[in-house]
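Student: I am new to this structure, and I would like to go through some of its side chains with you, one question at a time. Could you show it to me before we begin?

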Amino acid sequence: SNGNLALFSISEDTSVGTHVYTLNGSDPEGEPVTFGMTFDKGSRDYFSVEPKSGNMTLIQTLDREVQDEIVAFVTITDGRNKSTPSTKFTIDGHSGVLRIRAGESLDYELSRTHFVTVVAKDGGGKYHEKYQVMTSTAIITINVLDTQDSPPLFVGTPYFGYVYEVSVPGSEIFTVFAKDGDQNNPNAMHYSILSGSDGFFIINSSSGCISLTSFPVQLKNELYELKVGPDGFSDYSITTVTIRVVDLNNHPPTFYGENGQQNRFELTMYEHPPEGEILRGLKITVNDSDQGANAKFRLLLVGPSRVLRVVPQTVLNEAQVTIIVENSSAIDYEKYQFLTFKLLAVEIDTPERFSATADIVIDLLDTNDNVPKFSSEFYIARIPENSPGGSNVVSVTATDPDSGLWGEVKYSIYGSGADLFLIHPTSGIIYTQPWASLDAEVKSKYNFYVKAEDTEGKYNLAEVFVTVLDQNDHPPEFNQNFLEKTMIIGAPVKIEAVDEDAEEPNNLIEYSIMKADPDNIFDINTSTGEIKLKPYIRSMEIVQNITKQKDCRWSVVVQARDRGSPSFSTTAVVKIHITEAVSRPMAAFLMQSRDNPMKALGLTVSIITVIVLVTVMISTIMYFRNTKSNRITPARRIIRRRPKEQRSWTFRPRFGQSDQSFGKFFIDDDSSDNHNTNNSSPRAKPPAPSAPVLPPPPPVHSRPSERLRSVPTVSGSLASRNTSRSSNKDGSGISSALVSELKMRIEQKINEANQGYYY
């Protein structure tokens, strides 16, 4: 409610709606005043003022970092004179004397003029036959004369003055001004300091100017409150003048080291110190010789972001500076051999904003904090097969960012695929073992790991993939150089050669007919090796017309050539037996099976499997029947064989008949009569037949480099008895071997099945 609004300060955390100040003012003529406040155009309205009371209220949030000073214009307006019915006067009704009402008084300072309306009226009478009272009015203006009844008033209070440290004795500090309360007849003002000067201040009695009598350094207090008043008046006219001794901001912040003022500080340390560690090698002190707000400043550390931080951040007068590690990973010798920071001290609340700067240089020492790093996470290499031992495969590179001995890298390899390879320990060149022989047909892919290790054992790994490139080093090969095939007219026969190279096109084979006897009879598929007759050869009659040979065996020389570079080839002689398709299924099947004996064997095994399954089923049914009949008296039942009633089966092939009986079997029942006359006797177990001797296997001429192939076996099938004889003599020889083998297998299966009935 008092003080100089121009020097008013407010904290930025003041709540909105707070009553922060009260405006105080008066009108020299004594009229009532109203207050107002305006702001610069474009500026925010931070305060509101109640017009009558002058109360200032905060209406906006304050933020010193956004705006640290607010400029406002305060207005004060006086009122207007108004004519109001006077109650201070009374009039005598007969004499017309106007008097001041009892208990009332006139005050020049409150109202200088009064207006009174006076009404005069007669006793009344008839006028134009009507009773009337005649009246008249007059306005009396009463001017109030001022008298000496009001004390002087100081104008512009509260009063504030300042003494600066550069002031000298006699310097004017402040001038007070007071006016007489009786403004129509004022008296002259004479001023005096009543108390509070302590002998350091004097006042001019007529002008009201307060002056300094001593040097500022002699002032003992920072704040003086002088009581000033006009001579000859009561305490009601006394005012207070506040004088503050102000420190001039004439000293900037200054950095000091162990040897005095210093603006460069150096430190040597190892990289990656622990976070939170204090850099104790730095001895820094900062000082500002000013006083109060002029000595308040902020410390800032400018450099790589969030690496170091400074404590404290705000200083008043003097402080010891502490530098703390904030980000250890950023203090890396491999990135920076030295770090440079700027330490700033900047004043906070002064217009001058004096500042100081100091350089902080940190020299880093290296540590072994890195592992070797390969130029790639994996390496892919290719090397031709049959390359001599010691051939270079690939070169790997790894570097260690650390300096000195820590940066030396040694290489080694390990893994299941590393047996055939070596690596130079310093150059990183990978080469084959001196004795190694790479063969793409044996193994074409190798992978292993290479390790890069520094002198302290820190290492890193990379994977190496080696592909052995196939070379065309194998020619195509047939199973035999002389082949025999049976060709049915209209159906092709197939020959096949194998190339042991690992990749295409080295192992792709093309077939061609080099020579044929007779010529121009056969065509061959270059990709599959299928040989077939020319389309015009459709029957045996045409074949007989081409050649005079009765057995129709023709020869073809076939070449198999790979597609590699250089290309290799091989030839084989193919003897082709020409035959015609027959309608007899069994004979046709056996004839077709000559080139594929596994097909016949498969059919035979299928038939035998069916017989065995049926036999097992019958045995199981009989076993459960016997078990059920013996459930009451669990005595073991023994079935004895009767040797006289044995039944023997004789398998004999019927040869010499038509081709329809080729490969068929018939059963002669020698004991049919005995069997019919003894139906009620238990069935006798037939004697085990003797197995015939298997025919010797065909000779096989194998080579060391030839692949293992399955040995063909001879098989046949069963057919009905009503078949015709075959007129083919060669077919009879083949059927004899088939009959022998089938007879042996069937007798063994029957013998095993019969043994299951007896125990």
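Tutor: Let us start with D470, which sits in the loop between strand 39 and strand 40 (477-478). Please keep in mind throughout that this is a predicted model.

Student: Is D470 buried or exposed?

Tutor: The relative accessible area of D470 is 9%, and a residue counts as buried when that value is under 20%. D470 is therefore buried.

Student: With which side chain does the side chain of D470 make a polar contact?

Tutor: A polar contact needs a pair of N or O atoms within 3.5 Å. For the side chain of D470 the distance is 2.9 Å, and the partner is the side chain of N506.

Student: Strand 39 was mentioned above; which residue of the nonpolar surface patch lies in it?

Tutor: The patch, with an area of about 380 Å², is made by Y414, Y449, Y459 and L461. Strand 39 covers residues 459-469, and the patch residue placed there is L461.

Student: How exposed is L461?

Tutor: Values between the limits of 20% for buried and 50% for exposed are called partly exposed. Because L461 has a relative accessibility of 33%, L461 counts as partly exposed.

Student: Which residue lies over the face of Y459?

Tutor: Y459 is one of the residues that make the nonpolar patch. At 5.2 Å from the centre of its ring lies K451.

Student: With which residue does K451 form a salt bridge?

Tutor: K451 is partly exposed, because its relative accessibility is 21%. The partner is likewise partly exposed, with a relative accessible area of 29%. The closest N and O atoms of the pair are 4.0 Å apart, and the residue that K451 meets is E453.

Student: How many residues apart in sequence are the parts that D349 and R64 tie together?

Tutor: Seven salt bridges are counted in the structure, and in one of them the side chains of D349 and R64 meet at 2.5 Å, N to O. D349 lies in the loop between strand 29 (338-347) and strand 30 (355-365), and R64 in the loop between strand 4 (55-58) and strand 5 (72-78), so the parts tied together are 285 residues apart in sequence.

Student: In the salt bridge of K534 and D523, is K534 buried or exposed?

Tutor: The side chains of K534 and D523 meet at 2.5 Å, N to O. D523 is partly exposed, because its relative accessible area is 26%. K534 has a relative accessible area of 17%, so K534 is buried.

Student: Turning to the rings, how are those of F421 and Y446 arranged?

Tutor: A pair of aromatic rings is described by the distance of the centres and the angle of the planes. The structure holds 12 aromatic pairs. For F421 and Y446 the centres are 5.6 Å apart and the planes stand at 75 degrees, so the pair is edge-to-face.

Student: How many residues apart in sequence are the parts that this pair ties together?

Tutor: Both F421 and Y446 are buried. F421 lies in strand 36 (residues 421-423) and Y446 in strand 38 (residues 445-453), so the parts that the pair ties together are separated in sequence by 25 residues.

Methods:
Residues are numbered from 1 along each chain as its sequence is written. This is a predicted model: local features need pLDDT of at least 70, side-chain atom pairs count only at pLDDT 80 or more; totals for chains, interfaces and linings use all residues. Side-chain values use heavy atoms; hydrogens and water are left out. Patches are made of residues with over 30% relative accessible area and no salt bridge: like charges are joined within 9 Å, nonpolar side chains (Val, Leu, Ile, Met, Phe, Trp, Tyr) within 5 Å. Accessible areas come from the Shrake-Rupley method with a 1.4 Å probe; for residues, only the protein chains shown count as cover. Helices (H or I, at least four residues) and strands (E, at least two) are DSSP runs, numbered from the N terminus. Buried means under 20% relative accessible area, exposed over 50%, partly exposed in between (1.4 Å probe, protein chains only). Rings of Phe, Tyr and Trp (its six-membered ring) pair if their centres lie within 6.5 Å; planes under 30 degrees apart count as stacked, over 60 as edge-to-face and the rest as tilted. A charge sits over a ring if NZ of Lys or CZ of Arg is within 6 Å of the ring centre and within 35 degrees of the ring normal. A polar contact is a pair of N or O atoms within 3.5 Å; within protein, one must be able to donate a hydrogen and the other to accept it, and residues adjacent in sequence count only if both atoms are side-chain atoms.
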